[in-house]
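Let's take a walk through this chain together, stopping at a few spots that reward a closer look. Have the viewer ready and follow along.

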Amino acid sequence: AAVIHSSCWTPAATMADPPHRSLPDEITIWEILVRLPPKSLLRCRAVCRAWRSATSARRFLLAHHALQPTLPLLYGFNFVGDEVQSLDIIPFHQRAGAGQLQLRPVARLEQDSDFHHLEACCDGLLVLSFRNTSVRDWRFAVCNPATRQYAPLPMAYGSGVEYSLLGMYPHIPTGDYRLLMYRASALMHGELVPAAAQDGSYIFTLGSGQPPMHIGFLDAEVLTYTFGSLLFRGSLHWRPPGNMIMVFDTTTELFRQMRAPVVLGHAKLFQMDEMLGMSGFNDGGTTIDIWMAQDYERGVWACKYRVEFSVADLTLRFGKFDGSSWVVAVPWDGDVLLLVNFGEWLLHVDIGGKLVATFHRKGLGPANLQLKQTLVQHTFFPTLEGYVANSAPFI
């Protein structure tokens, strides 16, 4: 973006003589601007009306979104003393050859009366849960960190009825974005609270104005105890306890199962290129297995890596590996890297068990999500009550 600006703003650049006159539009717009990160692209819109018009068209925005990198997502709480002041939404990026972790947030949400948590991510859209401390119940919200749009969703959980978010997905036949929920009647004072609606799985369409649609499948309750869902090949995937993966086809909106490898300890799904992967690590965090589905349709898996590293050595440098510590395997540049949390330190460990980079920050956590930013405008946002843009809770 800096190169483009320096070449655009010259004394000779006028509206009669466009600042990008030296290059054809096919190159300037469709080879350069379309590859910029969202913030740089928004700055470039101020160069001239032609750029603003071209880069605001839906066709361009869809192409721009397709070229954005898909980055593992972390979250970080910012403290003032012992109080949490704000939540950072952080795509993980490692600068090539620099050996440094880049943890620059794409958005920051205030944590005043509303306390936000990341729940799901799809096509640059985030679903958050938040607890309003004044009314003491939990609700959901949807936001786009690139466009700074935010809206609460008309679904409370608490007050005798509990909704858990299982995943978010685009419904290709209709073009809608939908949430897959699980609803269970809550227990209060040891007694089941009666509810008019049925327990089980529900589908909620963003912007439809309709209540969640009941689709049954009570067995989905076990998915509420997993590490979240992964959208892969048009289906949501979960790894519940056992040797099976639960799959939800987002076109037919039906559940099925597929075979999973036997992974000891904590297992998480991830995608690397066009393959489904699974990582598992033991309770001590000393051994991490990386499995890849060699044949997705038949459920054939192979263990690609077994990574072992010395927790004792790392503990001497970075503190104790305890119940609050975590390990995640994330795809990176056609391979896999490991992020390991020790107290207030985030470590990048390669597949050979070697420490590559470190970052010191309090309050970091793994979202087990991936963010691919988008500037595409979605019509459902203005239909939601409480919708705001470039305003609180964004800081």
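## A loop residue with positive phi

Asp 123 sits in the loop that links strand S6 (114-122) to strand S7 (125-132). Please bear in mind that this is a predicted model. The phi angle of Asp 123 is near 50 degrees, a positive value in a residue other than glycine. Most residues other than glycine have a negative phi.

Is Asp 123 buried, partly exposed or exposed? With a relative accessibility of 30%, Asp 123 counts as partly exposed, because that class lies between the 20% limit for buried residues and the 50% limit for exposed ones.

## Asn 368 and the cis bond

Asn 368 also has a positive phi, about 55 degrees, although it is not a glycine. This residue belongs to strand S28 (residues 364-371). Its relative accessibility of 26% makes Asn 368 partly exposed.

Another backbone feature to find is the peptide bond between Ala 392 and Pro 393, which is cis, with omega at about 15 degrees. Most peptide bonds are trans. Pro 393 lies in the segment that follows strand S29 (388-389).

## The chain as a whole

Stepping back, the chain contains six helices and 29 strands. Of its 395 residues, 49% are buried. The accessible surface adds up to about 19,400 Å², and carbon and sulfur atoms contribute 52% of that surface.

How much of the contact network comes from residues 24 or more positions apart? Among contacts with a separation of 6 or more, such pairs account for 49%.

## Lys 268 and the sheet from S20 to S23

Lys 268 is part of strand S20 (residues 266-272). Is this lysine buried or exposed? Lys 268 has a relative accessible area of 10%, so it is buried, as the limit for that class is 20%. Leaving aside residues up to four places away in sequence, Lys 268 touches Phe 227, Gly 277, Met 278, Ser 279, Val 327, Val 328, Pro 366 and Asn 368. The last name on that list is the strand S28 residue with the positive phi described above.

The host strand of Lys 268 belongs to an open sheet of four strands, ordered S20-S21-S22-S23 and paired antiparallel. S20 and strand S23 (300-308) are the edge strands, each pairing on one side only. On average, neighbouring strands of this sheet are turned by 25 degrees against each other, direction ignored. Between S20 and strand S21 (residues 275-281), the antiparallel pairing runs over seven bridges. Leu 269 has Met 278 in S21 as its bridge partner, and Met 278 is also among the residues touched by Lys 268.

## Gly 352 and the sheet from S24 to S27

A second open sheet to look at has four strands in the order S24-S25-S26-S27, again with antiparallel pairing. Here the edges are strand S24 (326-332) and S27, each of which pairs on one side only. The twist from one strand to the next averages 25 degrees. Strand S25 (residues 335-342) pairs with S26 in the antiparallel sense over five bridges, and Phe 342 has Trp 345 in S26 as its bridge partner.

Gly 352 occupies the loop between strand S26 (345-349) and strand S27 (355-360). Its relative accessible area is 65%, which means that Gly 352 is exposed. Gly 352 and Phe 309 are 43 residues apart in sequence, yet their C-alpha atoms are 8.1 Å apart in space.

## Where two helices meet

Helix H4 (residues 49-56) packs with helix H5 (residues 58-67) at an angle of about 70 degrees, and their axes are 5 Å apart. H4 is therefore roughly perpendicular to H5. At the contact, Ala 54, Thr 55 and Ser 56 of H4 meet Arg 58, Phe 60 and Leu 61 of H5. By type, the residues of this contact are three nonpolar, two polar and one charged.

## A last stop at Arg 139

Arg 139 is found in strand S8 (residues 137-144). Its relative accessible area is 33%, so Arg 139 is partly exposed. Between the C-alpha atoms of Arg 139 and Pro 154, which are 15 residues apart along the chain, the separation is 7.9 Å.

Terms used
Residues numbered from 1 in each chain as written. Predicted model: local features only at pLDDT ≥ 70, side-chain atom pairs only at ≥ 80, totals over all residues. Heavy atoms only, no water. Buried < 20%, exposed > 50% of the residue type's maximum accessible area, 1.4 Å probe, protein only. Contact = heavy atoms within 4.5 Å. Areas by Shrake-Rupley, 256 points an atom, 1.4 Å probe, with all protein chains shown as cover. Pairing = 2+ DSSP bridges. Axes fitted to C-alpha atoms, helices over the stretch in contact; angles between N-to-C directions. Parallel < 35°, antiparallel > 145°, perpendicular 65-115°, else oblique. Nonpolar A, V, L, I, M, F, W, Y, C, P; charged D, E, K, R; others polar.
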